[in-house]
Structures are given as C-alpha cells and as structure tokens.
Amino acid sequence: GNWGLLYARQTILDDEIDPELLMLYLERSIDPGQLVGDESVIQFKFTDLRRQQDWWILVREDTVDLCVTDPGKDVDVYFCCTLRTMPDVWMGERTWREAIDSGDLIVEGDRALRRNIGSWLKPSVFAGAPRAPLHAA
C-alpha cells in the first residue's frame with residue numbers, strides 16, 4: 001500500500017480520480033460516534049465535475065449512507081472544492097487547515113463540526129505513509 005501511494009501520487013491525473021470510489025471511501029471514514037446528535041447530513045460539492053457535482057452522506061445513529069440525490073434534510077456541514085482537493089486532504093497530502101486557508105476548500109455549517117473535521121471524518125489509513133519520491137530506476 002505504501003509503495004502504491006508513492007507511485008500513484010506521481011502518476012494519477014485529475015481526470016483519473018473516480019468520484020464514486022472517493023465518496024465510498026469517505027462514507028466508510030465517518031465516525032458516527034464523533035458527530036453531534038442522532039442525525040447529521042454532510043454534503044460535498046465538487047465544482048469541477050460536469051455531472052454529479054453534489055453528494056450527501058447521511059448519518060443516523062450508527063448508520064452511514066452515501067446519497068447521490070438530495071435526502072431532503074438540512075445540511076449540517078458542507079464541503080465545496082475541486083475533486084482533486086478532497087483526496088489530497090483525506091490521503092494526507094495536505095491538512096484540512098492548509099486546504100481551507102488556501103481557499104481550495106470551503107467548509108460551512110455547524111461550527112462544532114467544522115472545528116473538529118478530523119475527529120469525525122477519519123483520514124485514510126495511508127495518510128501517515130512516507131511521502132518521499134520514488135527513485136528513478
């Protein structure tokens with residue numbers, strides 16, 4: 001996995017990022033125990049996608065569901081960015097703070113959820129992997 005990360009981060013182009021796969025990983029990374037209340041709605045908007053820009057994750061008690069259509073509920077926290085930004089942060093290439101401060105990521109909504117993103121949206125298992133470049137063969 002660590003070798004794959006080093007290889008992939010140097011070769012994957014923006015148009016090769018699969019938004020559905022990314023969202024499935026993000027869905028699995030939610031820790032419902034760290035969210036406030038019995039229900040939370042998290043919306044992601046990828047500004048550079050032509051189709052399916054909006055995705056929702058609905059958390060009810062211990063159940064986490066990915067939605068491709070608006071669940072019709074108030075959004076508790078909203079993420080707006082390009083498709084590249086979200087995997088970069090989730091995989092540990094950048095911190096939440098770096099992405100937000102640069103303007104590449106806009107996070108709006110419940111203040112407690114915005115303040116503690118990393119506690120309820122867990123990073124990839126490879127977020128702490130080495131970032132040294134591969135040596136040419």
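In the predicted model, Q52 is found in the loop between β1 and β2. The backbone of Q52 has a positive phi of about 50°, although this residue is not a glycine. With a relative accessibility of 33%, Q52 counts as partly exposed, because that class lies between the limits of 20% for buried and 50% for exposed residues.

The two strands that flank this loop belong to an open sheet of 5 strands, arranged in the order β3-β2-β1-β4-β5 with mixed pairing. The edges of the sheet are formed by β3 (63-67) and β5 (105-109); each has a single partner strand, so one side of each is left without a neighbour in the sheet. From one strand to the next, the twist averages 15°.

Strand β2 (residues 54-60) pairs with β3 in the antiparallel sense over 5 bridges, and β1 and β2 are likewise antiparallel, paired over 7 bridges. Individual residue pairs can be assigned on both sides of β2. Towards β1, S40 has V59 of β2 as its bridge partner. Towards β3, L58 stands opposite D65, and R60 has T63 as its bridge partner. Of the 7 residues of β2, 5 are buried, so the strand is largely enclosed by the rest of the structure. Helix α2 (residues 19-28) lies across β1 (39-46), β2 and β3. The helix runs at about 20° to β2. In a regular strand, side chains alternate between the two faces of the sheet.

The hairpin of β2 and β3 has 2 residues between the strands. One of the residues in the loop between β2 and β3 is E61, whose phi is near 50°, a positive value in a residue other than glycine. A relative accessibility of 57% places E61 among the exposed residues, since the exposed class begins over 50%. A positive phi in a non-glycine residue is thus found both at Q52 and at E61, with Q52 partly exposed and E61 exposed.

A buried position outside the strands is provided by S124, which lies in the segment after α6 (117-120). The relative accessibility of S124 is 8%, and the residue therefore counts as buried, the limit for this class being under 20%. When neighbours within four places in sequence are left aside, S124 is in contact with W90 and M91.

Note on methods:
Residues are numbered from 1 along each chain as its sequence is written. This is a predicted model: local features need pLDDT of at least 70, side-chain atom pairs count only at pLDDT 80 or more; totals for chains, interfaces and linings use all residues. Side-chain values use heavy atoms; hydrogens and water are left out. Two strands pair if DSSP finds at least two bridges between them. Helices (H or I, at least four residues) and strands (E, at least two) are DSSP runs, numbered from the N terminus. Axes are lines fitted to C-alpha atoms, for helices over the stretch in contact, and angles run from 0 to 180 degrees between N-to-C directions. Contact means heavy atoms within 4.5 Å. Buried means under 20% relative accessible area, exposed over 50%, partly exposed in between (1.4 Å probe, protein chains only).
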